[in-house]
Amino acid sequence: MNLFMTLLISIINEYNKSTYITQCSVEIKRSIKIMKKFLKIFKWMVIIMTASIVLFITVNHFNPAPLLKVTGGFLGAEYSYDERVEQTEEVLSDNTKIYRNVAYASNYPNNYLDIFVPEGDTTTTRPVLFNIHGGGYAWGDKVDNEEFVQHFVDEGYIVVSMNYALSPDYLYPVPIIQATEALEYVAENAKKYGIDNNNFVISGESAGGQLAGQLTIIQTNNEYAEKYGFKVTKDITIKGVILNCALIDIKRVDNTGFAFTNWLFDGMIRAYFDSNEFESTSEVAEANVIENVNVDFPSTYLTEGTFATFTDQALDFEEKLSSLGIDVTLYITPEESNLAHSYNGDFSTEEARYNIAQELDFMKKVTQ
């Protein structure tokens, strides 16, 4: 009996082993089949992604506009302008009064200003900082620089921040035309906001720095303004210019020392000037800040980082201004900090805090 039971148990165990092995074999085959399907799907995903990237790069090479609009939309850039933007007034906790979305006369859209008045006091006449945001002419908004401009408001200055129509829907020279229109509005309405027309400082960052520089050239170089047909705002005095990581020589937009920013900035400029050979166009020569300044350009403050930005342009502009006898201050961040384009807006860094302190000192010096 014991022998029979032992034999039976042995048979059952062998059967279970056989069944287990069979089940394992089935599972292994099933897993291999699933893995083959996955690898096939993955292969096609890689092929599709590679083809998409190649197509994307090819299209961007010939026409960067789609990339800019898609990326700009993702970043919140407004391309479908609402002409019925409402002007509002806001009072901050420190009693700063902000007139938001003040419309200036223009044939082009996005023609709005934000005007910051310290303590809401429009009876006291104050110097004004006229600021132009950056974003490669394709992205950005006046509100992007609010932390920057608030430093000036805190020191008792009026600040005007302007918007303009964006590329690729609106090309050169639309933004600079709008800059002249916005400046005209501010000058004509100076008394309304308590602005001293004899104490303007123009500021801009990145592409906004190019616009700020070109706007100042229009105001200070009559020969230039007449040659290119730009309107000059009369009876105002620009005492200084503040340029933060500014694009000053457009021909060198793709010479930042970093491949990605070279590629991105190059696409932005090709879109703005509607030319894949922009370096040789007359419009780019016209918009070149370094080449078009003259001895009447005002005192200037420049700052730059050392990584993926226009450091060499700032150095060349400093040299050009100095050769013309123009007072110029240049702050380049320490090499070891490795700070990139538009570092000046990140006030968590010691360098940005130092820079804004220098800019406030500059503002005080030139508007006394």
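Me: How many of the 15 residues of α4 are buried?
Reply: Keep in mind that this is a predicted model. Helix α4 covers residues 174–188, and it is largely enclosed by the rest of the structure. That follows because the buried residues in α4 number 13 of the 15.

Me: What span should helix α4 have at 1.5 Å a residue, and how far apart are its end C-alpha atoms?
Reply: The expected span takes 1.5 Å times one less than the number of residues. For the 15 residues of α4 that gives 21 Å. The end C-alpha atoms agree with this, as they are 21 Å apart.

Me: Is threonine 180 buried or exposed?
Reply: Threonine 180 has its place in helix α4. Its relative accessible area is 8%, and the cut-off for buried is under 20%. So threonine 180 is buried.

Me: Which backbone oxygen does the side chain of threonine 180 reach?
Reply: Leaving aside neighbours within four places in sequence, threonine 180 is in contact with Leu215, Ile218, Lys231 and Thr233. Its side chain also comes to 2.5 Å from a backbone oxygen. That oxygen belongs to isoleucine 177.

Me: How many of the 14 residues of α6 are buried?
Reply: Helix α6 takes in residues 207–220 and reaches 20 Å from its first C-alpha to its last, close to the 20 Å expected. It lies across β4, β6 and β7, at about 140° to β6. The helix is largely enclosed by the rest of the structure, because its buried residues number 14 of the 14.

Me: Which strands stand at the edges of the open sheet?
Reply: The open sheet has nine strands with mixed pairing, in the order β1-β2-β3-β5-β4-β6-β7-β8-β9. An edge strand here has a single partner strand, so one side of it is left without a neighbour in the sheet. The two that fit are β1 (88–91) and β9.

Me: In what sense do strand β3 and strand β5 pair, and over how many bridges?
Reply: Strand β3 is residues 112–117 and strand β5 is residues 158–162. Phenylalanine 116 stands opposite valine 159 in β5. The sense is antiparallel, and the bridges number four.

Me: At about what angle does helix α3 run to β3?
Reply: Helix α3 is made of residues 146–154. It lies across β2 (97–103), β3, β4 (126–132), β5, β6 (195–205) and β7. Its angle to β3 is about 35°.

Me: Which residues point one way from β8, and which the other way?
Reply: In a regular strand the side chains alternate between the two faces of the sheet. Strand β8 runs over residues 299–304 and is mostly covered, with six of its six residues buried. One way point Ser299, Tyr301 and Thr303, and the other way Thr300, Leu302 and Glu304.

Me: Which residue in β8 is the bridge partner of leucine 243?
Reply: Strand β7 is residues 238–244. It pairs with β8 in the parallel sense, over five bridges. Across that pairing, the partner of leucine 243 is leucine 302.

Me: Which residue in β9 does glutamate 304 stand opposite?
Reply: Strand β9 (residues 328–332) runs parallel to β8, and five bridges join the two. With helix α11 (residues 311–323), β8 and β9 make a right-handed β-α-β unit. Opposite glutamate 304 in β9 is isoleucine 332.

Me: What is the relative accessible area of asparagine 244, and is it buried or exposed?
Reply: Asparagine 244 is found in strand β7. Leaving aside neighbours within four places in sequence, its contacts include Phe148, Thr303 and Glu359. Asparagine 244 is buried, with a relative accessible area of 2%.

Me: What separates the C-alpha atoms of valine 232 and glutamine 219?
Reply: Valine 232 is found in the loop between α7 (222–228) and β7, and at 26% relative accessibility it counts as partly exposed. Leaving aside neighbours within four places in sequence, it is in contact with Glu184, Ile218, Gln219 and Ala225. Valine 232 and glutamine 219 are 13 residues apart along the chain, and their C-alpha atoms are separated by 5.6 Å.

Me: How far is the C-alpha atom of lysine 365 from that of glycine 240?
Reply: Lysine 365 lies in helix α12 (residues 350–366). At 45% relative accessibility, lysine 365 counts as partly exposed. Lysine 365 and glycine 240 are 125 residues apart along the chain, with their C-alpha atoms separated by 9.4 Å.

Note on methods: Residues numbered from 1 in each chain as written. Predicted model: local features only at pLDDT ≥ 70, side-chain atom pairs only at ≥ 80, totals over all residues. Heavy atoms only, no water. Buried < 20%, exposed > 50% of the residue type's maximum accessible area, 1.4 Å probe, protein only. Pairing = 2+ DSSP bridges. Right-handed = clockwise from strand over helix to strand, strands pointing away. Contact = heavy atoms within 4.5 Å. Axes fitted to C-alpha atoms, helices over the stretch in contact; angles between N-to-C directions. Polar contact = N/O pair within 3.5 Å; in protein donor to acceptor, adjacent residues only side chain to side chain.
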